[in-house]
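Have a look at the model below with me. Some labels in it deserve a "how do you know?", and that is how we will go through them.

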Amino acid sequence: MSNSKVSVCVVTILYVVLVLICLFRPADEFSASERRKLAQKPQFTWESFTSGKLAGEAESYATDQFPFRDAMRSLKAEFSLNIMKKADTNDIFVKDGYLCAMEYPMEEDSIIRAAKIFEGIYEKYLQDSEVNAYFSVIPDKSYFLAGKDYLSMDYELFFAEMYEQTPFLMPIPIEKNLQLSDYYRTDTHWKQEEITDVAHLLAKEMGVQLAGSYEVKTLDVPFYGVYYGQAAVAAEPDAISYCTNDVLDNCTVFDYENNKAISLYDIEKVKGRDPYEMFLGGNISLVTVTNPAATSDKELVVFGDSFARSMVPLLAEGYTKTTMIDIRYLPSAYIGNYVTFSSQDVLFLYSTSVLNNSITLK
Amino acid sequence: MVFSSIPFLYYFLPMVLLAYFITPQKGRNAVLLIASLLFYAWGEPVYVLLMLFSILIGYLAGILLEKSMLGNYKFLTPKAVLSGSVFVFAGIFIYFKYTDFFISNFNAVTGLSVPLLHILLPVGISFYTFQIISYLVDVYRKEVPAQKNFISLAAYVAMFPQLIAGPIVRYASVAEQLEKRTCTFIMAESGIYRFVIGLAKKVLLANELGALCEGFRASGDKSVLYYWLYAVAFCLHIYFDFSGYSDMAIGLGRILGFSLPENFNYPYISASITEFWRRWHMSLGSWFRDYLYIPLGGNRVPKVKWYRNIFIVWLFTGLWHGASWNFVIWGLYFGILLVIEKKWLLRILEKAKGVRNCYVLLLLLIGFVMFNASDMSQAMSDIRCLFGMGGIPAVSAEALYYLKSYGVTILVSVIASTPAMALLATGIQQKVNAYPVTSIVWQVTKVMAALALLLLSTAYLVDGSFNPFLYFRF
């Protein structure tokens, strides 16, 4: 057999094997690493064919359902980072064992948009009441990691502009109380067990005292954060923990979106799409935490994102009732239907990632 | 459908190859035609009818032309048939490609506001129209007989490996292969390697460089360094995008038993702009030479007419690339450079060995910056910024970051744009052939390398990176 014949046969056999796997492998419904549903086989209709829609759907299906998809994505990421020496993969960089998204550039329009929405809330609900309104910006990991090696926005400028655009809110800067180890290595979020000092700071600034001794429980489930899936690089999983004590155990939590009582920490959600959703029920528009053993008789309303969800249980210790409102899911125009503002403390607690992409705020 | 996509690589291509090779020789043109129509219809189902209509007109015109040359029609001269059919094809081509360009210029000159028609450009029309015209001219010149079999002609025009981005295949060069072609393992092997190299050039290099160029356009942190980085990246991007596609087309052609013409020959090592255009998009250059430049008289005319001929060819070359003034100016820019070289510069360049490559690369860089601008004002602004006249800083954080991040990609691309790797491979091949063991090791290495490149390219596609083909818009 000639050399060419052997070469063609070897390549053809391996190619055919891959093709057969593509054709006959059952389709996966969900990608755990990417935390998304995968495209399914498109239905052929004459209309979808002539409009070109079928081609797009088939492309998504073939790409999503490619055999060994996760391994292929990892191959690309490792080749790109280690051989081609790209500084990032899919805008995620790896430094000091941490996976981090580049929060860049600073979007002035987004800052202004977020500030306008907060101003709207303030004017509609807060200015004629006796509430005390505060604002804290949570830096994303890039604040600690990017340095001069990666693109990052000027965080000091970002904080200054954000607070300047919201003069009706009292700023409580928290970035100096945070450090890189307060965040998960593979995820965007901070760790609840590492932010108790920030909770104390916030409470103190709002005139509330927290008892602040917790039992930290670590769940025996590997936590692969959102950046793990996006970057597709090899990384050890994080461990997800939560803080509890007798006071928190006795709190009652109500989910207004689904009109049912829920628990402060939903352990079942750790096995789900996004383990971080275990805090306060996940992406729910409006939740209240009632604390019969609060250290004060005050109430707190928190406007926040997913970072705030892990902070609220810590702050709830000091308030009889804490309401968490996520205006990514509940348009601010409807808040009055659920919350009456009188003399509560109101805290706007948002991460730089959300504020710099404030199109999600309603 | 594009070659560098999972549906093509792992669904369409294997099905077509299976159908093609289990079909007896005489039925393979029909398989090729059906596959090509499906390939085209996948993204452009409506315009497949336009292509079929063009093929039908070309087919009938070819037969009519041949009959008119035999004197079968008293009032229908061959010239009239050729002129009429070229007029029809030119009309279709101009309507789809230039109508809105003409309307917007008419509006600009007259101050009227005739509404634009927003006609969607049929993919590959610039390539298949030129192929049909070349077929008819070749029949008229009696270089080839008219094709009597509609399927054979249609398979030639619509042949999916080269349908949408070339190379522009002359009918004469594949006429015999359309009737009878042999598929050998040697051809298949070289076709597989060529295809995989093209795929890797497109996916691993061109797409990455394209993402850098896209990032540059979206950036709010531009600097002179960033402009240079962009200009270099775009020059490499367009080369690997287009030559990668041509490699894939040539490779597929070989697997199917066709010898398609080469389209690129390491253009960036050229010692003059004249040489560059002999190495870049060779099938288009030779088309314009044979069907426009020489019929106009070429260089065998008085000097003034010679220069006129050069400018006409380059005006059309620019317009072929796009209906926009920056393409026209881009074409004329090269026309002027070629005239200057022919009149004075070539003799000087022959002696200026160290400088001539820098001269060529600098002028190409400026040319491609112009080429990639959305309009002439952006082209001028880009060129000003490139030379520090745009009021922007010399260096920016973004420029430094991307220089670092894409440094290896650019370095690999620069090396791959020279014949260094091909020469190295040829050198090794010659050495290893002397011993059976080393020959086998080399063969295994080539197979492994091809599989690795296929796997890597697939991995990049699965991760859904940046993947447009630049020459689809032409």
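The questions and answers below deal with a predicted model.

Q: What makes residues of chain A and chain B count as being in contact, and how many are there?
A: A pair counts if the C-beta atoms lie within 7 Å. By that test, 36 residues of chain A are in contact with 38 residues of chain B. On the chain A side, α1 (3-24), α2 (46-51), α3 (53-64) and α4 (69-83) each supply at least two residues. The largest share, eleven residues, comes from α1(A).

Q: How do the residues on the side of chain A that touches chain B divide by class?
A: There are 21 nonpolar, seven polar and eight charged residues on that side.

Q: Which domains is chain B divided into, and how far apart are their C-alpha centres?
A: Domain 1 of chain B covers 6-181 and domain 2 covers 187-462. Their C-alpha centres lie 26 Å apart. The contact between them takes 24 residues from domain 1 and 22 residues from domain 2. On the domain 1 side, α5(B) gives the most, with five residues. By class, that side has 15 nonpolar, six polar and three charged residues.

Q: Why are Thr409(B), Ser413(B) and Ala416(B) said to be on the same side of α17(B)?
A: These three residues of α17 (residues 407-416) of chain B are buried. Their directions from the axis cover an arc of only 65 degrees, so they sit on the same side of α17(B). Among the elements that cover the buried residues are α8 (185-218), α9 (224-256) and α18 (420-432) of chain B.

Q: What makes Leu411(B) and Ile415(B) exposed?
A: A residue is called exposed if 12 or fewer other C-beta atoms lie within 10 Å of its own. Leu411(B) and Ile415(B), on the other side of α17(B), are exposed, so each of them falls under that cut-off.

Q: What makes a set of residues a nonpolar core, and which members touch the most others in the largest one?
A: The members are buried nonpolar residues joined through C-beta atoms within 7 Å. The largest such core has 159 residues, and Leu65(B), Ala158(B), Leu163(B), Ile192(B), Val196(B) and Ala233(B) touch the most other members. α9(B) gives the most to this core, with 21 residues. A second, separate core has 69 residues, including Val253(A), Ile284(A), Ala308(A) and Leu349(A).

Q: Which residues does Leu65(B) touch, leaving out those up to four places away in sequence?
A: Leu65(B) touches Pro78(B), Val81(B), Leu82(B), Leu136(B), Val139(B), Tyr140(B) and Ala146(B).

Methods:
Residues numbered from 1 in each chain as written. Chains lettered and ligands numbered in written order. Predicted model: local features only at pLDDT ≥ 70, side-chain atom pairs only at ≥ 80, totals over all residues. Domains from an automatic or database assignment. Contact = placed C-beta atoms within 7 Å. Helix = DSSP H or I, 4+ residues; strand = E, 2+ residues; numbered from the N terminus. Nonpolar A, V, L, I, M, F, W, Y, C, P; charged D, E, K, R; others polar. Buried ≥ 20, exposed ≤ 12 C-beta atoms within 10 Å, placed from the backbone. Arc of directions from axis to C-beta.
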